[in-house]
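Please open the model in your viewer and keep the sequence panel beside it, since each stop on this tour begins with a selection.

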Amino acid sequence: MRELSLHILDLAQNSLTANATRLDILIRIDHEKDNLSITLADNGKGMAPDFLKSVTSPFTTTRTTRKVGMGLPLFKYSAESAGGSFQISSQVGKGTFVAAQYR
């Protein structure tokens, strides 16, 4: 749970950096299906399609202090390694949506 909390905080910080004025965070636990889902949606500046295609690579980042970005790649890896799934979509000027399912 600690790692998941850190992923959520990292994505919330990314939303603030992207000038989002709205950030919706939904954490849903389905005990019957033994499933946990985490979704975040913001209205920040969004990502260009070319950047979005590579955003889950650890060698893609907007940071100027280092050349790697591990937040989204690790979040994706944690969901998929738990038998779940990961989804990200974004539109420039509209915002970003991230969803992770854990089974």
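Begin by selecting asparagine 19, which lies in the loop between helix 1 and strand 1. The model is a predicted one, and in it the phi of asparagine 19 is near 60 degrees, a positive value in a residue other than glycine. Most residues other than glycine have a negative phi. With a relative accessible area of 61%, asparagine 19 is exposed.

Next select aspartate 34, found in the loop between strand 1 and strand 2, where phi is again positive for a residue other than glycine, near 50 degrees. Aspartate 34 is exposed as well, its relative accessible area being 60%.

Now show the whole protein chain as a cartoon. What order do the elements follow from the N terminus on? They run α-β-β-α-α-β-β, which amounts to three helices and four strands. The protein chain has 103 residues, of which 36% are buried, and it exposes about 6,800 Å², with carbon and sulfur atoms supplying 54% of that area. If you draw the contacts between residues at least 6 apart in sequence, 48% of them join residues at least 24 apart.

Move to strand 1, residues 23–30, and select isoleucine 25, which has its place there. Is isoleucine 25 buried or partly exposed? It is partly exposed, at a relative accessible area of 40%. Add Leu23, Ile27 and Ile29 to the selection, and with Ile25 you have a nonpolar patch on the surface whose accessible area comes to about 340 Å² together.

Staying in this part of the sequence, display the side chains of arginine 22 and aspartate 24, which meet in a salt bridge with an N to O distance of 2.9 Å. Arginine 22 counts as partly exposed at 38% relative accessibility, and aspartate 24 is also partly exposed, with a relative accessible area of 40%. Side chains of opposite charge can pair when their charged atoms come close.

The structure holds two salt bridges, and for the other you should select lysine 76 and glutamate 80, whose side chains meet at 3.4 Å, N to O. Both residues lie in helix 3, four residues apart, which is about one turn of the helix. Lysine 76 is partly exposed, with a relative accessible area of 25%, and glutamate 80 is partly exposed too, at 39%.

Keep helix 3 in view and select tyrosine 77, which has its place in this helix and counts as exposed at 57% relative accessibility. A distance label from tyrosine 77 to alanine 100 should read 9.9 Å, C-alpha to C-alpha, for two residues that are 23 apart in sequence.

Which residues of helix 3 (residues 71–81) are buried? Select Leu72, Pro73, Phe75 and Ala79. They cover an arc of only 165 degrees around the axis, and therefore they sit on the same side of helix 3. Among the elements that cover these buried residues are helix 1 (2–17), strand 2 (35–42), strand 3 (85–91) and strand 4 (95–102). After helix 3 comes glycine 83, with a positive phi near 85 degrees.

From helix 3, cross to helix 1 and select histidine 7, which has its place there. Histidine 7 is buried, with a relative accessible area of 11%. Once its neighbours within four places in sequence are left aside, histidine 7 is in contact with Gly71, Leu74, Phe75 and Ser78.

The last selection is the largest nonpolar core, which has 17 residues; those that touch the most other members are Ile38, Leu72, Phe75, Phe86, Ile88, Val98 and Tyr102. Helix 1, strand 2, helix 3, strand 3 and strand 4 each supply at least two residues of this core. In soluble globular proteins, nonpolar side chains tend to be buried together.

To end, centre the view on isoleucine 38 and ask what is in contact with it, leaving aside its neighbours within four places in sequence. The contacts of isoleucine 38 are Leu4, Ile8, Leu26, Ile27, Phe75, Val98, Ala99, Ala100 and Tyr102. One of them, Phe75, is also among the buried residues of helix 3, while Ile27 is part of the nonpolar surface patch seen earlier.

Terms used. Residues numbered from 1 in each chain as written. Predicted model: local features only at pLDDT ≥ 70, side-chain atom pairs only at ≥ 80, totals over all residues. Heavy atoms only, no water. Buried < 20%, exposed > 50% of the residue type's maximum accessible area, 1.4 Å probe, protein only. Arc of directions from axis to C-beta. Contact = heavy atoms within 4.5 Å. Patch = residues over 30% accessible without salt bridge, like charges linked within 9 Å, V, L, I, M, F, W, Y side chains within 5 Å. Areas by Shrake-Rupley, 256 points an atom, 1.4 Å probe, with all protein chains shown as cover. Salt bridge = Lys/Arg side-chain N within 4 Å of Asp/Glu carboxyl O. Core = buried A, V, L, I, M, F, W, Y, C linked by side-chain atoms within 4.5 Å.
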